[in-house]
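Visitor: I would like to go through some side-chain pairings and packing in this model with you. Could we have the sequence and structure in view before we begin?

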Amino acid sequence: MTVLVPLRTVLSAPRQRLKFPMQNATFPFFPRFPHVTCDNVIRHIGGSRSPRLVQHHHMKFVHSCTASRQKLRPGTISPSAPLQRLAWFSPIYEITPVFPCNPGNVTILDEPQDFYGAIERGISTAKRRIVLASLYLGAGEGRVRDALKTALTKNKDLEVHILLDYFRGTRGPKDSSVSLLSPLVQAYPERVKISLYHTPAVGSLLKRLVPPRFIEGFGLQHMKIYIFDDDVLLSGANLNTDYFVDRQDRYVLFRSTASISDFYADLVRTVSRFSYSLVPGKVTTATSIAVNLLPPPASLTGGRVDRPKLKRVASSDMHSFCKRWHEKTSELREQLVERRATTDTIVMPMIQMGQLGVHQEESVLDRLLKIMDCQKLTEKEGRWTVHLSSGYLNFPETLLRPILGSSALYRILTASPEANGFFGSKGVSRYLPAAYTYLETKLLERAQRLGRGESLIVHEWKRKGWTFHAKGLWCTPPGESSPLVTVIGSSNFGYRSLFRDVEAQAVIATVNEDLRRRLQLNIDHLYAHSRPVKQDELTHGDRRVPLGVVVATRMIRTML
């Protein structure tokens, strides 16, 4: 049965609420959406969405009108009411937690040395908790371990929790993260917890057949979260010497933000529940320190790891985590959708664990890029500018479609071959820079074919002696000079990020002019060492990709 409502009735009043008996929900119709049809109205109020959110969720029309290629002309936002701009992002905080944030407590770091300084200060000043989530702790970073030991010795109330990846953390018997951290576990067993996430995609057979360096392609713990009491540092950088010296990344420090820090600490704690634990073992000699790696108890069946069971338990834990924090932040969400919030900056954390059925990042990016594609969201004509950075350019189709179908100007930043972390490496990994050149070429070819050659520009980053690992997204409204929103975290926006790895990011939306200015300075800092490249450059001379690399890239693209 189809419910028919005259269009003039739908648009007759600024806030007239119409009830549709079939959908059991109400929706406020705004006359500033003259192209909204009754079919679109009925489609968007369907389902079991919360009536309170549906009532205020007019941004859903953005998606409908964009998809149907209709011109959307929402009402302009008055400069005297900048806080209303945060309502543009209601499709995002509808599905994520949302936290208020004092923009003065947000510090944007630019250099690797700044990153190490923040880690060092955080460890030395923490009183209650230190929570570190990273891919691994580098073999040369005994100074991080020593700093943790000093802090634990000085402060008897301090607790330390470290989450690493199982395969990267155990690689190399003498210089692995596990061997580096074992003395802490042995010395402070009650106050130090070391967890190692093991992807459920890998079983004993794969471990025997695939070399350790390549088995990581099946899935990793890739989050980079560094918590010191109520401060939390989000980054894409690992705890390794090059990330402290000459490997460019991004780093955002949230100071005195207890609620945001609690969220990420709880995230690490939840992931650790279905991860391996490093526990003290028996000391066999006068000098050795023995530790054991124990699998998560919930994964065991008959004393052995049951991978299907582990996956079910992990997925259930993560969905419960997402639901719990969504409900905890419901008050601010309601204030935002009802235009009662007074904060000028909001933080919306998102996680991605494709193997466990958690797809927040995928959904958020899709919604965010569709918001950017509105024909007119400000008083000024023009289009949005989107800066998108990834050290490893390998966008999946779910991200390519909104990028290539957008009207926004995209400036994409990636590593030049010399700045790729695998440049000059040994073995087959030395071909990876060429593989990413091939993927970069295919992106430019496709953009040119779709008529986006002038509005999708790829920049390559190059700095002598440095490598590039920065990832992020910034969106600047038409006619303005600084971003309104940014994404910070661990994801490279690639296939592995969406479908294999464990990722944690945050969307920061702000109307605070000082924070927006500092976000723009961060963009300028990263792009200062880059230049735009053309498609022809990538297919000639030493940039020409060997046929064997092309074939191999196509075969293993989802693992890059």
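Visitor: Is Arg516 buried or exposed?

Guide: The model is predicted, so local features need pLDDT of at least 70 and side-chain atom pairs count only at pLDDT 80 or more, while totals for chains, interfaces and linings use all residues. Residues are numbered from 1 along each chain as its sequence is written, and side-chain values use heavy atoms, with hydrogens and water left out. Buried means under 20% relative accessible area, exposed over 50% and partly exposed in between, with a 1.4 Å probe and protein chains only. Arg516 has a relative accessible area of 3%, and is therefore buried.

Visitor: Which residue does Arg516 meet in a salt bridge at 3.6 Å, N to O?

Guide: A salt bridge here is a side-chain nitrogen of Lys or Arg within 4 Å of a carboxyl oxygen of Asp or Glu. The partner of Arg516 lies three residues apart from it, about one turn of helix α20 (residues 513-527), where helices (H or I, at least four residues) and strands (E, at least two) are DSSP runs numbered from the N terminus. That partner is exposed, with a relative accessible area of 52%, and the residue is Glu513.

Visitor: Which residues are linked with Glu513 and Arg516 in a network of salt bridges?

Guide: Glu513 and Arg516 already form a salt bridge with each other. The network that holds this pair also links Arg85 and Glu480.

Visitor: How far apart are the closest N and O atoms of Asp514 and Arg518?

Guide: Both residues lie in helix α20, four residues apart, about one turn of the helix. Asp514 is partly exposed, with a relative accessible area of 36%. The two form a salt bridge whose closest N and O atoms are apart by 3.1 Å.

Visitor: Which residue forms a salt bridge with Glu94?

Guide: Glu94 is in the loop between α5 (90-93) and β3 (99-100), and its partner, 273 residues apart, is in helix α16. Glu94 is buried at a relative accessible area of 6%, and the partner is buried at 13%. With the closest N and O atoms 2.7 Å apart, that partner is Arg367.

Visitor: Which helix gives the most to the largest nonpolar core?

Guide: A nonpolar core is a set of buried Ala, Val, Leu, Ile, Met, Phe, Trp, Tyr and Cys residues joined through side-chain atoms within 4.5 Å. The largest one has 48 residues, and those with the most contacts inside it are Phe89, Phe395, Leu456 and Leu473. With six residues, spanning positions within 360-372, the helix that gives the most is α16.
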